[in-house]
Amino acid sequence: MANSLLDRLDRQDRAFGRKVCDGLREALDSAGVKLPSLAVERAATGRYLVQLGGVTPDVAGELAALIWTGAPYVRAVRSGGLSGDVSMLWSPERGELLIDAATGRLGEFSHADERGDLVLVPADGGEPWSVGRCAVRHPTRADLAQAGLAHPAPSASTPN
């Protein structure tokens, strides 16, 4: 069972990396900014990373201007001070494993509630709970091991 959970986590990490990369590409395209080397690659650690690549100083300046312009909006969303529809924010796939960053609890995404918060179902059973979209992250293998759902893969230096 541990391998199937690790395989699921790996597929989920890769899919999330691609989803974020595609979303970033679309957002940058809408602003007229091109990052030609934008891609998802698997690092030596096994994590999937979104590679931004090298850009000219002009493109880096445009990117900085976009970030500075959007920073107040991002702060408002994260603090809960933004009212209205936040459905355009990232939304996980049903069944996707997530960690509630405030509590460290592992849960599977079920649906979004009427406020737009994510409803997570505990992986080990129990009552579902709601958490803000900006207050979750994807679990690491260590998170799964801590939850008793998987054993970390042995390192190369670990004797068999």
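**Salt bridges, a run of hairpins and a pocket**

Arg 14 comes out at 25% relative accessibility, so it counts as partly exposed. That value, like every other one here, belongs to a predicted model. Asp 10, on the other hand, has 13% relative accessibility and is therefore buried, since the cut-off for that label is under 20%. Asp 10 and Arg 14 are joined by a salt bridge, with 3.4 Å between their closest N and O atoms. Both residues sit in helix H1, four residues apart, which is about one turn of the helix. The story doesn't end with this pair, as Arg 42 is linked with Asp 10 and Arg 14 in a network of salt bridges.

The model has eight salt bridges when they are counted by the distance rule. One of them brings together the side chains of Lys 19 and Glu 93, with an N to O distance of 3.6 Å. Lys 19 belongs to helix H1 while Glu 93 is in the loop between H2 and E3, so this salt bridge ties together parts that lie 74 residues apart in sequence. Lys 19 itself is partly exposed, with a relative accessible area of 34%. Another salt bridge is made by the side chains of Lys 34 and Asp 29, at 3.0 Å from N to O. Here Lys 34 counts as exposed because its relative accessibility is 52%, and the cut-off for exposed is over 50%. Its partner Asp 29 reaches 37% and is partly exposed.

What about a charged residue that has no salt bridge? Glu 96 is one such case. Glu 96 is found in the loop between helix H2 (57-79) and E3. It is buried, and the nearest side chain of opposite charge, that of Lys 19, is 5.2 Å away. That gap is too wide for a salt bridge because the rule asks for a nitrogen and an oxygen within 4 Å. Still, the side chain of Glu 96 isn't without a polar partner: it makes a polar contact of 2.5 Å with the side chain of His 138.

His 138 turns up again in the second largest pocket, where it is among the residues nearest the centre, along with Asp 13, Phe 16, Arg 47 and Tyr 48. In total, 17 residues line this pocket, and the space inside comes to about 370 Å³. Helix H1 (2-30), strand E2 (48-51) and strand E7 (136-137) each give at least two residues to the lining. H1 provides the largest share, with four residues. The idea behind such a search is simple: rolling a probe the size of a water molecule over the atoms shows where empty space is left.

Next comes a series of strands that can be followed one hairpin at a time. Strand E3 (residues 97-100) pairs with strand E4 (residues 106-112) in the antiparallel sense, over three bridges. Leu 97 has Glu 108 in E4 as its bridge partner. Five residues lie between the strands of this hairpin, and Gly 104 takes a positive phi near 80°.

E4 also runs antiparallel to strand E5 (residues 118-122), and five bridges join the two. Among the facing residues, Gly 107 has Pro 122 in E5 as its bridge partner, and Ala 112 is placed opposite Leu 118. E4 and E5 make a hairpin as well, again with five residues in between; in its turn, Gly 116 shows a positive phi of about 95°.

E5 then meets strand E6 (residues 129-131), and the two pair in the antiparallel sense over three bridges. Leu 118 stands opposite Val 131 in E6. The hairpin of E5 and E6 leaves six residues between the strands, and Gly 125 in the turn has a positive phi of about 95°. How many of the five residues of E5 are buried? Four of them are, so the strand is mostly covered, going by a cut-off of under 20% relative accessible area.

Finally, there is a spot where two parts of the chain meet. Ala 147 is in the segment after helix H3 (141-146). Its C-alpha atom is 8.4 Å from that of Arg 105, although 42 residues separate them along the chain. Ala 147 counts as partly exposed because its relative accessible area is 39%.

Key:
Residues numbered from 1 in each chain as written. Predicted model: local features only at pLDDT ≥ 70, side-chain atom pairs only at ≥ 80, totals over all residues. Heavy atoms only, no water. Buried < 20%, exposed > 50% of the residue type's maximum accessible area, 1.4 Å probe, protein only. Pairing = 2+ DSSP bridges. Lys, Arg positive; Asp, Glu negative; His and termini not counted. Polar contact = N/O pair within 3.5 Å; in protein donor to acceptor, adjacent residues only side chain to side chain. 1 Å grid on protein atoms, 1.4 Å probe; cavity = no way out; pocket = protein on both sides within 12 Å on 5 of 7 lines; lining within 4 Å. Points joined across faces, edges and corners; volume = space filled by probe spheres on them.
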